[in-house]
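Trainee: Got a minute to walk me through this one? I'd like to talk it over piece by piece.

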Amino acid sequence: MHTQLLPAATAKTMWYYASLSGLAVIMTGSISSAADWPQWRGPNRDGISKETGLLKEWPKEGPKLLWQATDVGDGYSTPAIVGGRIYVLSNTGNADEFVKALDVKDGKEIWSTRLGKVGNPNQQPNYAASRSTPTVEGEVLYALGSDGDLACLDIDKGTLRWQKNLRTDFQGKPGTWLIQNHR
């Protein structure tokens with residue numbers, strides 16, 4: 001049995017557009033009352049939202065699209081949402097991997113901070129791109145880039161507080177990001 005995958009650029013682009021468009025739809029006029037989603041799989045890392053009053057069924061024409069961000073870059077990261085901001089880890093090509101903060105009201109970029117380059121760009125299958133979800137704790141954001149760049153940023157302006165590279169500073173080994181085919 002073989003696993004069939006979309007071309008990397010198509011899959012990445014579709015994922016980001018779908019994720020950010022979905023966030024725009026979910027975040028209606030009650031943005032200020034929405035619970036924060038500060039890390040991978042939410043506040044308790046269990047993928048469970050405590051939101052109430054959600055639709056049990058979508059309207060036939062779908063929910064109203066409030067905004068759409070199309071310039072967030074590529075990658076497979078999921079967003080973190082805290083205090084009216086959406087934080088994403090993404091990349092442009094293999095040379096630039098970065099964290100962006102977007103406004104939940106309109107999707108406009110608030111700041112962007114470069115972490116480094118994309119790790120393992122020649123892996124097979126070739127899906128080199130940002131992978132991890134930023135984590136927000138208090139006034140700081142932690143991000144781990146695909147090349148081992150671990151950074152702590154100020155959430156207000158994206159200012160770098162500190163940065164280490166797991167490969168060069170701690171002799172870490174790169175991860176392998178691929179789907180294994182089952183036979």
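Mentor: Sure, and one term up front: two strands pair if DSSP finds at least two bridges between them. With that in hand, E7 and E8 pair in the antiparallel sense, over five bridges. Keep in mind that this is a predicted model.

Trainee: Okay, and who stands opposite Leu 153 in E8?

Mentor: That's Leu 160.

Trainee: What about the hairpin of E7 and E8, how many residues sit between the strands?

Mentor: Five, and Gly 158 in that hairpin takes a positive phi near 75°.

Trainee: Which residue has a positive phi in the hairpin of E6 and E7?

Mentor: Gly 148, with phi near 90°. That hairpin has four residues between its strands. E6 covers residues 140-144, and its antiparallel pairing with E7 runs over five bridges. One of the partnerships there puts Val 140 across from Asp 154 of E7.

Trainee: Is E7 mostly covered or mostly open?

Mentor: Mostly covered. Out of the six residues in E7 (149-154), five are buried.

Trainee: Let me zoom out a bit. How many helices and strands does the chain have?

Mentor: One helix and eight strands. Reading from the N terminus, the order is α-β-β-β-β-β-β-β-β. The chain has 183 residues, and 37% of them are buried.

Trainee: And the other strands, E1 to E4, in what order do they sit in their sheet?

Mentor: The order is E1-E2-E3-E4, in an open sheet with antiparallel pairing. E1 (80-82) and E4 (109-116) are the edge strands; each has a single partner strand, so one side of each has no neighbour in the sheet. From one strand to the next, the twist averages 25°.

Trainee: How many bridges join E2 to E3?

Mentor: Eight, with the two strands running antiparallel; E3 spans residues 96-103. If you want a spot to click on, Tyr 87 is opposite Ala 101 in E3.

Trainee: I was also looking at Ser 90. Buried or exposed?

Mentor: Ser 90 has 0% relative accessibility, so it counts as buried. The cut-off for that is under 20%. Ser 90 belongs to strand E2, which takes in residues 85-92.

Trainee: So what lies 2.6 Å from a polar atom of its side chain?

Mentor: The backbone oxygen of Val 72.

Trainee: Switching to charges. How many salt bridges does the structure hold?

Mentor: Five. One of them joins the side chains of Asp 96 and Arg 114, at 2.5 Å from N to O. Asp 96 is in strand E3 and Arg 114 in strand E4, so to speak two distant parts of the chain, 18 residues apart.

Trainee: How accessible are Asp 96 and Arg 114?

Mentor: Both land in the partly exposed class: Asp 96 has a relative accessible area of 32%, and Arg 114 comes in at 47%.

Trainee: And which salt bridge partner does Asp 147 meet at 3.3 Å?

Mentor: Arg 167, again counting N to O between the side chains. Asp 147 is in the loop between E6 and E7, while Arg 167 is in the segment after E8, so this pair ties together parts 20 residues apart in sequence.

Trainee: Which residue joins those two in a network?

Mentor: Lys 117; salt bridges link Lys 117, Asp 147 and Arg 167. Asp 147 is buried at 8% relative accessible area, whereas Arg 167 is partly exposed at 26%.

Trainee: What does Arg 161 pair with?

Mentor: Asp 154, in a side-chain salt bridge of 3.3 Å, N to O. Asp 154 is the residue we met as the bridge partner of Val 140. Arg 161 is partly exposed, with a relative accessible area of 49%, but Asp 154 is buried at 18%.

Trainee: Last thing, the greasy bits on the outside. Which residues form the nonpolar surface patch?

Mentor: Leu 144, Leu 166 and Phe 170, and together they have about 260 Å² of accessible area. Leu 166 sits in the segment that follows strand E8 (160-165). Its relative accessibility is 32%, so Leu 166 counts as partly exposed.

Trainee: Great, thanks, I'll go and look at those spots.

How values were computed. Residues are numbered from 1 along each chain as its sequence is written. This is a predicted model: local features need pLDDT of at least 70, side-chain atom pairs count only at pLDDT 80 or more; totals for chains, interfaces and linings use all residues. Side-chain values use heavy atoms; hydrogens and water are left out. Buried means under 20% relative accessible area, exposed over 50%, partly exposed in between (1.4 Å probe, protein chains only). A polar contact is a pair of N or O atoms within 3.5 Å; within protein, one must be able to donate a hydrogen and the other to accept it, and residues adjacent in sequence count only if both atoms are side-chain atoms. Axes are lines fitted to C-alpha atoms, for helices over the stretch in contact, and angles run from 0 to 180 degrees between N-to-C directions. Patches are made of residues with over 30% relative accessible area and no salt bridge: like charges are joined within 9 Å, nonpolar side chains (Val, Leu, Ile, Met, Phe, Trp, Tyr) within 5 Å. Accessible areas come from the Shrake-Rupley method with a 1.4 Å probe; for residues, only the protein chains shown count as cover. A salt bridge is a side-chain nitrogen of Lys or Arg within 4 Å of a carboxyl oxygen of Asp or Glu.
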